[in-house]
Amino acid sequence: MTLAHGDSIVEFKDKIIFVALDGAFNKEGVADWIQKIKVIINNLNGERFGMLMDMREALGGTPESFELSNQYNAWLNKQNLVAKALIYGSSVFEDMDKTLVPSKKYQNTKVFDNAEQAKLWLVSELIAVS
């Protein structure tokens, strides 16, 4: 049994899923935060939602972790995701994420420097589709 590498916090409030990633992730670490998100989305019963991914403390991941993230984002594209705000800690990780997770290009995403601006944008996007 392989231990999960990387830490995650996943919370849901006011139609927004907040995800904070910390450390370097292997496939099992990514599977952990994906499962937490899927539970929330499945409990929404088709309701629209936004997502804030705070990856300022994420250091990267294994090739398998990015492959799993791409599969998850392809699944996410079929859910009622209105918008996803992204916060990166480094341009290197941002470039890796864009290159290795191409399924994100089908999402309404925007990159931010801080969580407060990201949350304001998500709220405005959710209001726009109400």
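**View 1. The exposed side of helix α4 in a predicted model.** In this predicted model, E116, L120, I127 and A128 are exposed on one side of α4, the side away from its buried residues. The helix runs over residues 115-128, 14 residues in number. From its first C-alpha to its last, α4 reaches 20 Å, close to the 20 Å expected at 1.5 Å a residue.

**View 2. The buried side of helix α4.** A118, W121, L122 and L126 are the buried residues shown here. They cover an arc of only 135° around the axis, so they sit on the same side of α4. An α-helix has 3.6 residues a turn, so residues three or four places apart point the same way. The buried residues of α4 pack against β2, β3, β4 and β5, the last of these being residues 109-112.

**View 3. The N-terminal end of helix α4.** N114 caps this end of the helix. A side-chain oxygen of N114 lies 3.1 Å from the backbone nitrogen of E116.

**View 4. The largest nonpolar core.** This core has 26 residues, of which I17, W33, I37 and M51 touch the most other members. Two or more residues each come from β2 (16-25), α1 (27-43), β3 (49-61), α2 (63-76) and β4 (81-88). Helix α1 gives the most, with six residues. Residues up to four places away in sequence aside, I37 touches V10, I17, V19, M51 and Y72.

**View 5. A second core.** Separate from the largest core is another of eleven residues. Its members include V82, F112, A118 and L126. Two of the residues named here, A118 and L126, are also among the buried residues of α4.

**View 6. Surroundings of S8 in strand β1.** S8 lies in β1, which covers residues 7-13. The residue is buried, its relative accessible area being 14%. A polar contact of 3.1 Å links the side chain of S8 to that of K36. Not counting residues up to four places away in sequence, S8 touches A20, L21, D32, W33 and K36.

**View 7. Surroundings of K84 in strand β4.** K84 is part of β4 and is buried, with a relative accessible area of 1%. Its side chain makes a polar contact of 2.6 Å with the side chain of N73 and another, of 2.9 Å, with the side chain of Q107. Beyond its neighbours within four places in sequence, K84 has contacts that include M51, M53, L76, K104, N108, T109 and K110. W121 and L122 are also in contact with K84, and both are buried residues of α4. The C-alpha atoms of K84 and V30 are 18 Å apart, and the two residues are 54 residues apart along the chain.

Definitions and conventions
Residues are numbered from 1 along each chain as its sequence is written. This is a predicted model: local features need pLDDT of at least 70, side-chain atom pairs count only at pLDDT 80 or more; totals for chains, interfaces and linings use all residues. Side-chain values use heavy atoms; hydrogens and water are left out. A nonpolar core is a set of buried Ala, Val, Leu, Ile, Met, Phe, Trp, Tyr and Cys residues joined through side-chain atoms within 4.5 Å. Buried means under 20% relative accessible area, exposed over 50%, partly exposed in between (1.4 Å probe, protein chains only). Helices (H or I, at least four residues) and strands (E, at least two) are DSSP runs, numbered from the N terminus. Contact means heavy atoms within 4.5 Å. The expected span of a helix is 1.5 Å times one less than its number of residues. The arc is that of the directions from the helix axis to the C-beta atoms. A polar contact is a pair of N or O atoms within 3.5 Å; within protein, one must be able to donate a hydrogen and the other to accept it, and residues adjacent in sequence count only if both atoms are side-chain atoms.
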